[in-house]
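I opened a new notebook page for this one. My plan is to look around the whole chain, then poke at its empty spaces.

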Amino acid sequence: MAVPLVPHPPHYRSVKLRRTPHRLPPHPSGPLGGPGAGTPAGTAAGTAGDQLPGGLQVSERGYTLSLDNPFVTAGAPTDLRFRILGADGRPVTDYRPAHEKELHLIVAPRDLATFQHLHPTRAADGTWSATAALPAAGEYRVLADFTPAGTTEGLTLGADLHAAGDLHPAPLPETGRTATVDGYTVTLGGDLTPGRPARLTLGVTRDGRPVTDLQPYLGAYGHLVALRAGDLAYLHVHPESTAPGPEIAFTGTAPSPGTYRLFLDFRHGDTVRTAAFTVTAGAGAAAEAGTGTEAAAGAGTEAEAEAAQAAPAPEGHRH
């Protein structure tokens, strides 16, 4: 049964690349870098202690993500406007670019049915703007990943966005180990492992032939984002691979057992495409490797409850 969502007024202060294959140099560590980026100094990768995963807080380390209007209507392009406020309450206007951008924006609904990786533009007064597609009504999470100038460690802030309309809740889609998008087939290898680094590979083919001329996108041949079902805790890693396909390798650590959605952005033929997977970290991962993601809706429930109790920071890089 459709559940109508009615918007309310805000009641608070809004808070042609050449296709010649070539190799990229390895990504540097640090924000938007390789495995271990964002891990506090002196902390071993995968043992980040009690540090929270990215995207769970609207404020952190004196910075706040402030949406101009968190109440919108689904079904039409939405102009998102927001600011990053400093400890003094003023908009931040100076950032340290990472992977060719000052700020990376992720927009995803709570049911993780869709995913958008946006690159907003910043006005001189510190106001960021981007156009987002909100195809369905429901609760969305807006994640801003950035590094303020003068700092060495990036952070990811998250805020809720409410899209009014007829809501039709649905379970996470089951994907198995392959995903297709625009005639491309992407095959996932490896498993997320709670609490320790794990290697994931994603192989790209087209019409049964390996794609060996992937194009760089934001300085890499692929970008992988993982969002934990239940709270949308955010993990972003960049590839180990420096060759343009067909396989892109990543290393990352799941912050807890549970169900995750993986979103791979890759570029080919001058177009960026996204392949999505539903996976299970911890109990049930082995079964998933052979039979798909049947455990995603059921086995993830207990794991997500544990995740709410304790969620160590993910290994790898945040976008």
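Below are my entries, in the order I made them.

**Entry 1: the whole chain**

First a reminder to myself: this is a predicted model. I looked up the secondary structure and found two helices and 20 strands in the chain. Then I checked burial: the chain has 319 residues, and 51% of them count as buried. For a residue to get that label here, its relative accessible area has to be under 20%. I also noted the exposed surface of the chain, about 13,800 Å². Carbon and sulfur atoms supply 54% of that surface.

**Entry 2: the largest pocket**

How much space lies in the largest pocket? I got about 260 Å³. The lining of this pocket is made of 16 residues, and I wrote down the ones closest to its centre: Pro109, Asp111, Ala137, Gly138 and Leu167. Next I asked myself which elements give two or more residues to this lining. They turned out to be strand S10, residues 138-146, and strand S11, residues 155-167. S10 supplies the largest share, three residues. I sorted the lining by type as well and counted nine nonpolar, three polar and four charged residues.

**Entry 3: how those two strands sit**

S10 and S11 came up together, and I wanted to know how they pair. They run antiparallel, with nine bridges joining them. One bridge I picked out links phenylalanine 146 to leucine 155 in S11. S11 also pairs with strand S4, residues 71-73. Is that pairing parallel or antiparallel? It is parallel, over three bridges. There I found phenylalanine 71 opposite histidine 162 of S11. A note for reading strands: in a regular one, side chains alternate between the two faces of the sheet.

**Entry 4: the second largest cavity**

I moved on to the second largest cavity, where about 50 Å³ of space lies. Three strands give two or more residues each to its lining: S16 (223-228), S17 (234-237) and S18 (247-252). I listed some of the lining residues, among them Leu192, Leu224, Val237, Phe250 and Leu262. What kinds of residue line this cavity? My tally was nine nonpolar and two polar, with no charged ones. Thr251 and Gly252 are both on the lining list, and by the sorting I used, Gly counts as polar.

**Entry 5: recap**

For my own revision, I put the two linings side by side. The largest pocket has four charged residues in its lining, whereas the second largest cavity has none.

Notes: Residues are numbered from 1 along each chain as its sequence is written. This is a predicted model: local features need pLDDT of at least 70, side-chain atom pairs count only at pLDDT 80 or more; totals for chains, interfaces and linings use all residues. Side-chain values use heavy atoms; hydrogens and water are left out. On a 1 Å grid over the protein atoms alone, a cavity is a set of points where a 1.4 Å probe fits but cannot get out, and a pocket is an open set with protein on both sides within 12 Å along at least five of seven lines; lining residues have an atom within 4 Å of a point. Grid points are joined across faces, edges and corners, and a volume is the space filled by probe spheres set on the points. Helices (H or I, at least four residues) and strands (E, at least two) are DSSP runs, numbered from the N terminus. Buried means under 20% relative accessible area, exposed over 50%, partly exposed in between (1.4 Å probe, protein chains only). Accessible areas come from the Shrake-Rupley method with a 1.4 Å probe; for residues, only the protein chains shown count as cover. Two strands pair if DSSP finds at least two bridges between them.
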